Amino acid sequence: MSRTSKPYDIVERALGLSTADGCVVIADEHSSANLRWARNALTTNGVTRGRTLTVIATVDGAEGTASGVVSRSAVTVSDLESLVRAAEAAARASEPAEDARPLVTGVPESPGFRDAPAETSSAVFGEFAPALGESFARARAGRRELYGFASHETTSTYLGTSTGLRLRHDQPNGTLELNAKSPDGARSAWAGRATRDFTDVDPGELDAELARRLEWARRRIELPAGRYETLLPPTAVADLLIYQLWSSTARDAVEGRTVFSRPGGGTRVGETLSRLPMTLRSDPEEPGLQSAPFVIAHASGDDASVFDNGLPLSRTDWVREGRLEHLVTTRHSAALTGLPVAPGAGNLILDGGGGRSLEEMVAATERGLLLTCLWYIREVDPATLLLTGLTRDGVYLVEKGEVTGAVNNFRFNESPVDLLSRATEAGRTEKTLPREWGDWFTRAAMPALRVPDFNMSSISQGV
């Protein structure tokens, strides 16, 4: 690799070519490795690498500042000038940007900004792959079939601006999804894990968990739709609360369009959402869930602004001890709404004040349902944040502290905000992989929640 193709050189050259009033350059260096398997045998594996370069040009005018954003993949030095000129042309052809703010200044250069990007490789599976092979052997002996995939990605982001920022962040991200099925396909169970490096993932442990769930499913029980006491595992809680975070922009709330809008005007910041001492937070320094400590915005929207690129991030409590503390704001929307600046971050953690494991919560259940995960989640009503979706890969009946069989799947209709107010117990917080949103958001830690009247609105025929 020539020196001029190094990411920091690409950033510096692009900034040097800019003739705009302001310029932001983001170089994302991607690498990924993956394994896939079906019916207890590896099917494919691969390693990929790539680069995406985003140039954001800003142009001052009599009526305000306009921005132009252009992103391209596989960019080389010879492509730079055309990319920079395209961003400048887009800015000059645009109306003044509503979210325009002075570009961020005053942040020192990140350590390693001039170093080569971090990369992953198949070596990340060095311990995991043999353990997976042992799990295949146990599954064959137990007459079950394992399907799934493991993926590890590393993205090194280099961010430079005409105001002097030179920032870098390396983000490792790994996911494991494992399905176990009976040979006839009638019984299915799923488990997933998020990891930074696969050293904390044990496929044998997951296989044992799935084998137990397949045994539970040997007894089938048909239940009607209705409201049931329900134990939501951490993965399901993550899927619901990630959607809640995505729906918690301050501007939409002030304009009366969301569940966080106060009747008559304003927002619900300061209101109590849960009687349990729940704290929902994002923290770029959270151990095991570390994320970018500064804003990386490739485009502007209600939840992000390209003018905020490089803005430092710190812990933000969205809900503190059950009370709504913050809504997502950019510098622009904070000024519009009068709320503090609180950009979104790359992880989400819920501490519910409980210490029991999911197994211990099951043991304390007289009669209720235990879910595996949720999927196909869609919004029904933004005013209440009513969501609908389906259960998948195992809904189990709990009676007198024991799982007594598997029941049919359901469609549910629930609002995560309303669930927080009705939950009667939160378990121990643990790292989890959201099933529905795992392609976009993986760094989460959640407890299991006990909801006394979860709304299973209709029966689903899915497995």
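This passage looks at the two largest pockets of the model and at the surroundings of D283. The structure is a predicted model, in which local features need pLDDT of at least 70 and side-chain atom pairs count only at pLDDT 80 or more, while totals for chains, interfaces and linings use all residues. Residues are numbered from 1 along each chain as its sequence is written, and side-chain values use heavy atoms, with hydrogens and water left out.

The largest pocket holds about 1,400 Å³ of space (a pocket is an open set of points on a 1 Å grid over the protein atoms alone, where a 1.4 Å probe fits, with protein on both sides within 12 Å along at least five of seven lines; lining residues have an atom within 4 Å of a point). Its lining counts 42 residues, with I296, A345, G346, W440 and R443 closest to the centre. By class, this lining comprises 16 nonpolar, 19 polar and 7 charged residues.

Turning to the second largest pocket, about 550 Å³ of space is found there. Among its 25 lining residues, G192, R193, L206, E209 and E430 lie nearest the centre. Here the lining has 9 nonpolar, 5 polar and 11 charged residues.

D283 offers a nice local case, sitting in the loop between β9 (279-282) and β10 (316-320) (strands are DSSP runs of E, at least two residues). D283 is buried (under 20% relative accessible area, 1.4 Å probe, protein chains only) yet has no salt bridge (a side-chain nitrogen of Lys or Arg within 4 Å of a carboxyl oxygen of Asp or Glu). The nearest side chain of opposite charge, R281, is 4.4 Å away.

Key
Helices (H or I, at least four residues) and strands (E, at least two) are DSSP runs, numbered from the N terminus. Buried means under 20% relative accessible area, exposed over 50%, partly exposed in between (1.4 Å probe, protein chains only). Lys and Arg count as positive and Asp and Glu as negative; His and the chain ends are not counted. Grid points are joined across faces, edges and corners, and a volume is the space filled by probe spheres set on the points. Ala, Val, Leu, Ile, Met, Phe, Trp, Tyr, Cys and Pro count as nonpolar, Asp, Glu, Lys and Arg as charged, and the others, Gly among them, as polar.
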